[in-house]
Amino acid sequence: ASGLRTIIIDTGASLSISNDERDFPDGYEPCDIELQGIGSGLRVKGKGKVRWRFQRADGGFVVIECMAYYAPSMKFNLFSPQSYFPENTVSENKALFTCATDANNINLPQKAKLLLQWHYRLGHCSMQLVRWLSSKGIIKGVVDSSS
């Protein structure tokens, strides 16, 4: 009951994605789009500005606001740094980790970091394949199987 949710930092995503309409404090513009890539086949119900709170390594928090799709059936959220940083400057108070799998990144559990590490190492293969390889003991370590 910590209130923490999985938000994957995905440099391949063209726009951030949220599965929770409460992330859109000003609402969203309805639309009907089918996602491609990691979210292939999922339907987008809207587009608007999300507000997410990330915890920094020093225990403080930073609030990030960025444009995102609303896809309620998505099992996790995606943060698209390339769609955020062109319009926002990074100051000491808004520091985010440049690598989601970094040991200092406290926003992802270790199993989720390991899943992403193998996803990257295996040429951005599907998360389902990484989970299967882990379940068969083909790759080292237990990866996140919750998403």
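What distance should the 12 residues of helix α2 (residues 110–121) span at 1.5 Å a residue, and how far apart are its end C-alpha atoms? In this predicted model, the expected span is 16 Å and the end C-alpha atoms lie 16 Å apart, so the two values agree.

Helix α2 belongs to a chain whose secondary structure comprises 3 helices and 6 strands. From the N terminus on, these elements follow the order β-β-β-β-β-β-α-α-α. Of the 147 residues of the chain, 40% count as buried. Contacts between residues at least 6 apart in sequence were also examined, and 56% of them join residues at least 24 apart. The chain exposes about 8700 Å², of which carbon and sulfur atoms supply 50%.

Within α2, the buried residues are Ala-112, Lys-113, Leu-114, Leu-115, Leu-116, Trp-118 and His-119. The elements that cover the buried residues of α2 include β1 (7–9) and α3 (127–135). Helix α2 is followed by Gly-123, which has a positive phi, near 70°.

In α3, burial applies to Met-127, Val-130, Arg-131, Leu-133 and Ser-134. These residues cover an arc of only 160° around the axis, and therefore lie on the same side of α3. The buried residues of α3 pack against α2. The exposed residues Gln-128 and Ser-135 are carried by the face of α3 turned away from its buried side. Just after α3, Gly-137 adopts a positive phi of about 75°.

Note on methods. Residues numbered from 1 in each chain as written. Predicted model: local features only at pLDDT ≥ 70, side-chain atom pairs only at ≥ 80, totals over all residues. Heavy atoms only, no water. Helix = DSSP H or I, 4+ residues; strand = E, 2+ residues; numbered from the N terminus. Expected span 1.5 Å × (residues − 1). Buried < 20%, exposed > 50% of the residue type's maximum accessible area, 1.4 Å probe, protein only. Contact = heavy atoms within 4.5 Å. Areas by Shrake-Rupley, 256 points an atom, 1.4 Å probe, with all protein chains shown as cover. Arc of directions from axis to C-beta.
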